[in-house]
Every structure is written in C-alpha cells, then in structure tokens.
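Trainee: I am new to this structure. Please show it to me, and then I will ask about its parts.

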Amino acid sequence: MKILGIETSCDETACAVVENGRKTLSTVIASQVDEHRLYGGVVPEIASRRHSECIAQVCEEALKKANCKLDEVDGVAVTFAPGLIGALLVGVNFAKGLALAANKPLIPVHHIKGHAAANYLAYPELEPPYLCLAVSGGHSQIMEVKSYTDFSLLGRTIDDAAGEAFDKVARSLGFPYPGGIYIDEVAKNGDKNKYSLPYPKTQNELDFSFSGLKTAVINLIHNTEQRGQKLPSMETLDKSALAASFQHTVCDILCTKLVKAAELTGHKKIALTGGVAANSGLRDMIAGRAEKIGAEIFIPPLPLCGDNAAMIAAQGFYEFLAGNTADMSLNARANGDL
Ligand code: KG4
Ligand code: ZN
C-alpha cells in the first residue's frame with residue numbers, strides 16, 4: 001500500500017511516497033530556512049506564502065521520483081496539527097484537493113506522531129509498545145507509544161522546547177538561525193564542565209523546563225558584552241565551553257528524565273526523534289545511559305530527524321489501517337493533543 005505524505009507545519013514544504021509505512025519510495029523537501037534566517041526565526045506569513053507557491057511542484061516531484069501516479073497511491077496523509085496555522089492550512093487544503101480529485105482516502109496525521117514514525121523508516125524491527133522522546137523546535141515530550149496510533153503523554157515542556165532553547169542561546173552567541181547545529185559543532189571543542197548551569201525543577205518529574213537554563217546562559221553572554229567585550233572576540237567568555245556546558249546540561253536533563261520514564265513504565269525500547277535528536281551529544285549520551293539500564297535505543301538517521309513528509313506518510317499508513325480517515329470538513333489546528 002502506497003501513501004502520499006504532505007507536511008507543511010513549519011518551514012519545510014515536503015511530500016513523500018512511502019510503501020506499507022516502512023519503505024521510502026521518494027522524499028522531497030523544499031526548505032525555506034534561508035529566507036527565515038534573515039529575520040532570525042520563522043516568519044509565519046512568509047512560511048504560508050512559500051508553502052502555497054511550491055507545494056504543487058514538490059508533490060509532483062515526489063510522485064515522479066517514486067515512479068508513481070496519483071491514481072496509484074492508496075491514500076493522502078497530511079499533517080493537520082500542531083504547527084503554524086497558516087502553514088498547516090496550505091497542506092491540509094492541498095491534500096483535500098488531491099483526495100477529492102483522485103477519490104482517495106484523506107488521512108490526518110498529528111505532527112509528533114509523524115516524528116515517532118520516522119524510526120519505522122529506519123528500523124524495520126521497531127514495533128510498539130515503546131517509549132519515545134520527541135525533541136524539536138516546538139516540542140519536547142516523553143510519550144508512551146502504546147500502539148501505532150495510541151500514544152499517551154508522560155511529560156512535556158512547561159515553557160520552552162529544547163530546540164527553541166538551543167536556537168535562542170545560539171543566537172546570543174552570534175550564530176545564524178536555526179542555531180542548534182552550530183552549538184553542536186562548537187561544543188565539540190569545549191570544556192563541558194567549565195560553566196555550571198542551573199538544573200530546573202518541575203512538579204511532574206517527567207516534565208521539562210528549559211526557560212531558566214536558557215536565560216541563565218543568555219545573561220552570562222550579555223553580562224560579558226556589557227563589560228565592553230564584543231562577540232566574537234569576547235575575552236573572558238569561552239564560547240565553545242559555554243556551548244558545551246549548555247548542551248551537556250540540556251542532554252543530561254533529557255536523558256535523565258527519559259531513563260526515569262523507562263524505569264517507571266518498564267519499557268526496554270526507547271526511541272528519540274525530532275530535530276534535536278540530530279544532536280551528537282544527545283545521541284552519545286542516551287546510547288550510554290540506555291546501555292546501563294539494558295534498554296534498546298532507536299534514533300533516526302540525521303535526514304529523518306527534522307521535518308519531512310516520509311514520516312507523515314509512514315504514520316499515515318498506520319492511521320489508515322486503524323480507520324482514522326477524515327472527510328472534507330478536516331481542519332488544521334495550531335495546537336493539538338496527541
Ligand atoms: O523537528 P524540527 O526540524 O522542526 C520542528 O518540528 O520544530 O526541529 C528543528 C529544531 C531546531 O530548533 C534546530 O536548532 C534543532 O532542531 N536542531 C538541533 C540540531 N539540529 C537541528 N539542535 C541541536 N543539535 C543539532 N545538531
Ligand atoms: Zn517537527
């Protein structure tokens with residue numbers, strides 16, 4: 001069974017064709033990041049416009065690369081929540097048009113469930129139940145994946161998402177948007193023990209809070225600047241060490257809570273997903289921690305960590321099998337429970 005996936009929740013216009021939820025036949029991503037970088041972050045209005053301009057072409061290319069006609073797909077899966085509302089609407093309306101014109105089932109997919117499905121494309125043996133940490137620019141949550149379509153939320157961020165904290169710290173250090181990858185790079189040469197940073201406390205021990213940590217780092221940078229030292233030649237501030245200390249603290253918080261969740265639930269399979277799952281420090285740290293508790297770890301290869309449509313098509317396959325299709329009244333939602 002072939003599913004066409006469509007993803008437009010943020011700043012990537014993406015379409016893909018996936019067979020039986022596991023085999024990527026094609027995946028096409030048109031990124032707008034170069035344009036948003038000029039403004040230091042995603043500009044929602046620009047995102048919607050660019051999605052509208054290129055979605056038809058991206059879709060055509062995905063079908064062509066998969067050597068497949070629209071007639072030959074068995075369903076059209078689309079991200080309907082959560083995300084930027086104007087951006088989501090472009091994908092949802094386009095998917096509705098295709099489904100109606102070609103008389104195909106329309107399959108709504110939750111973006112975070114889609115991120116979880118990225119691992120199905122890389123690990124044929126991975127099946128629910130398992131524990132999943134989704135960490136991206138907009139989300140940081142620990143979920144129990146009870147079945148392919150039934151998730152329960154164990155912990156979430158009460159303020160900033162991990163990726164958001166990475167991006168804001170990176171910006172204060174003078175890196176372009178999105179800055180997570182630059183922190184990852186400079187942290188490799190830094191002393192992670194040089195700066196001691198606050199560990200946030202949360203009422204629910206599986207929740208996250210990154211806002212205080214982010215502010216502590218940004219204040220450190222600004223205080224140095226106020227003493228008259230300019231980036232990038234700040235003398236007393238060791239950029240690599242600060243990046244390393246910040247990254248180490250974020251990864252430690254994420255891994256500690258994820259391991260705690262594994263102990264509480266008894267899961268021995270742990271998956272990571274989302275843009276921040278590309279972080280080399282996080283990948284190394286969770287591998288070590290998982291080994292200690294005898295858990296198996298699944299992390300998507302780098303191209304599947306960030307937003308893409310193959311993961312939406314993969315999840316769409318399982319939603320379709322579960323009978324989760326929609327009619328033409330499907331609407332996009334900026335927020336959305338799992
Ligand atoms: O999943 P994603 O592409 O989009 C959302 O759904 O938000 O995640 C984007 C986020 C950004 O905050 C970006 O800085 C972060 O993932 N990211 C990283 C790395 N690569 C991307 N953060 C830390 N280290 C990385 N290597
Ligand atoms: Zn995402």
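Trainee: How many salt bridges are there between domain 1 and domain 2?

Mentor: This is a predicted model, in which local features need pLDDT of at least 70, side-chain atom pairs count only at pLDDT 80 or more, and totals for chains, interfaces and linings use all residues. Residues are numbered from 1 along each chain as its sequence is written, chains are lettered from A and ligands numbered from 1 in the order written, and side-chain values use heavy atoms, without hydrogens and water. A salt bridge is a side-chain nitrogen of Lys or Arg within 4 Å of a carboxyl oxygen of Asp or Glu. Between domain 1 and domain 2 the count is zero.

Trainee: What area is buried between domain 1 and domain 2?

Mentor: An automatic or database assignment sets the domain bounds: domain 1 is 2-117 + 304-321 and domain 2 is 127-302. Buried area is the accessible area (1.4 Å probe) that two parts lose on being put together, summed over both. Carbon and sulfur atoms give 65% of a total of about 1700 Å².

Trainee: Which element gives the most to the largest nonpolar core?

Mentor: Such a core joins buried (under 20% relative accessible area, 1.4 Å probe, protein chains only) Ala, Val, Leu, Ile, Met, Phe, Trp, Tyr and Cys residues through side-chain atoms within 4.5 Å. Among its 48 residues, L173, F210, F246, L254 and L272 touch the most other members. Helices (H or I, at least four residues) are DSSP runs, numbered from the N terminus. With 14 residues, the top contributor is α8.

Methods. Buried < 20%, exposed > 50% of the residue type's maximum accessible area, 1.4 Å probe, protein only. Helix = DSSP H or I, 4+ residues; strand = E, 2+ residues; numbered from the N terminus.
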